[in-house]
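Biologist: I should be grateful for a close look at a single part of this model, beginning with one side chain and its surroundings. Please then set that part in the context of the chain as a whole.

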Amino acid sequence: MAWARALATGRGLALTLPVLWLVLVVVWELTCPLATDDSMSLRIATCAAFLIALVFLLHAVRAGAARELSLVQEVADAAQRVLLRPPPPRIDGLTVAAAQLCAGRAGASVGGDLYEAMATQYGVRVVIGDVRGHGLGALGAVAAVLGSFREAVHDEPDLGGVLRRLERALQRHLRERARAEHPASRADAPDSPLAEEFVTVLLLEIRPDGLVLALNCGHPWPHRLCGGAEPLPLGDPLPPLGLFPLPAELPARRCTRLLPGEALCLHTDGAEDARDRSGRFFRLQEVLARAALDTPLSPAAVIHCVQRELLRHTGGQLADDVALMVLRNDRVRVPAQPGAVAAARARR
């Protein structure tokens, strides 16, 4: 790859001059007749040459490692931007906004959260999820789940079928990763490092009449925003994908009916689990309630408000990635005309 060749070339150039200087000093000590002179000035000059060579060599190694980390980070960030592409501002009558905050660890700005919203013949279908772990290892699972979702939502008539497609895609990814990283073991073996890999997933289907159906695998339930913030506790979710097989029956739950002007806020557990220095949890519902007071409710403004308060609460040091998605129903309900009502009654 081009970035790998550039990385190797830059590293070689950074080390060439210090190594050559160190070789010249060693050759001087071994071959030059003046090196056997016991005069103090030559000893000082020789020691200074060695020290200069050593300092330059250490600086070159450190600078090369920093450049390598920066280049790898740029590649990872570019890959994540392709996977977590920003949703269009409007999808089939819904105004949509989404964003992500990555945990503040050195060299780990690549997160394991995922989200997507797509218009289909069955309604607007939405996924939000959280892969166990962070960095490039989690990015492969994100790609597998999102790639499967983007195809399955158009092919499967119900959410249960979509969820089964996501499970199969994740299992294929884990098997391939196990073969690549640990050829002697299986992904489903108890001692395999991938045996505890899992993904929490929330699937929603928002139909044209505002009815919202849901399937939840270990993910936080959304909040309904309408002059405040109302959590939607719909019972215990299914286990996360990857831990246990899905049950034989996967009926979607009736989540709520989203009326025009109302919104749903989807989030990963990093938003509710964030703590300040005193150990107090972030009060997500209170922040959402304040943000939902604005009229008209703006999905982008809600996300900006939550992110700002999250960073303020944690002092900018998030312990886990946070993904947010807000969808507002902008479909206008057209009132029935008197003539149309009379015609319908006459037909009956």
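Modeller: In this predicted model, F149 touches E116, M118, R125, V126, V127, V162, L166 and L203, when residues up to four places away in sequence are not counted. F149 belongs to helix α3, which spans residues 135-155. Its relative accessible area is 0%, and since the limit for a buried residue is under 20%, F149 is classed as buried. A further relation concerns A169, which lies 20 residues from F149 in sequence, with 9.2 Å between the two C-alpha atoms.

A second buried position, this time in a loop, may be set beside the helical one. P220 is in the loop that links β6 (211-217) to β7. With a relative accessible area of 16%, P220 also counts as buried. Leaving out neighbours within four places in sequence, P220 is in contact with L202, H267, T268, D269 and E272. P237 stands 17 residues from P220 along the chain, and their C-alpha atoms are separated by 8.6 Å.

Strand β7, which follows that loop, leads to the sheet. Six strands make up an open, antiparallel sheet, in the order β1-β2-β11-β10-β7-β8. Strands β1 (90-91) and β8 (229-231) are at its edges; each has a single partner strand, and therefore one side of each has no neighbour in the sheet.

At the β1 edge, the pairing with β2 (residues 94-101) is antiparallel and consists of two bridges. I91 has L94 of β2 as its bridge partner. The hairpin formed by β1 and β2 has two residues between the strands. D92 lies in this loop, and its phi is near 50°, a positive value in a residue that is not glycine. Most residues other than glycine have a negative phi. The relative accessibility of D92 is 42%, so this residue is partly exposed.

The other neighbour of β2 in the sheet order is β11. Eight bridges join β2 to β11, and the two strands run antiparallel. Within this pairing, Q100 stands opposite A323 of β11. Seven of the eight residues of β2 are buried, and the strand is therefore largely enclosed by the rest of the structure. Helix α7 (residues 299-314) lies across β2, β7 (223-225) and β11 (322-329), and its direction makes an angle of about 20° with that of β2.

The loop between α6 (284-291) and α7 contains P296. The peptide bond that runs from T295 to P296 is cis, with omega near -5°. Most peptide bonds are trans.

The cysteines may be taken next. A search of the whole structure finds zero disulfides. As for accessibility, C265 is buried, at 1%, whereas C226 is partly exposed, with a relative accessible area of 48%.

These details belong to a protein with eight helices and eleven strands. Of its 348 residues, 44% count as buried. The protein exposes about 18,700 Å², of which carbon and sulfur atoms supply 61%. Among contacts between residues at least 6 apart in sequence, 70% join residues at least 24 apart.

The confidence of the prediction remains to be considered. The mean pLDDT of the protein is 80, and 66% of the residues reach 70 or more. Confidence is highest in strand β10 (residues 263-267), at a mean of 97, and this strand is one of the six in the open sheet. The lowest mean, 46, is that of helix α8 (residues 338-347). Over residues 334-348, pLDDT stays under 50, and for this stretch the model has one contact beyond four places in sequence.

To return to the part chosen at the outset, F149 in helix α3 is buried at 0% relative accessible area, and V162, L166 and L203 are among the residues that F149 touches.

Definitions and conventions. Residues are numbered from 1 along each chain as its sequence is written. Side-chain values use heavy atoms; hydrogens and water are left out. A disulfide is a pair of cysteine sulfur atoms within 2.5 Å. Buried means under 20% relative accessible area, exposed over 50%, partly exposed in between (1.4 Å probe, protein chains only). pLDDT is the predictor's confidence in each residue, from 0 to 100. Helices (H or I, at least four residues) and strands (E, at least two) are DSSP runs, numbered from the N terminus. Contact means heavy atoms within 4.5 Å. Two strands pair if DSSP finds at least two bridges between them. Axes are lines fitted to C-alpha atoms, for helices over the stretch in contact, and angles run from 0 to 180 degrees between N-to-C directions. Accessible areas come from the Shrake-Rupley method with a 1.4 Å probe; for residues, only the protein chains shown count as cover.
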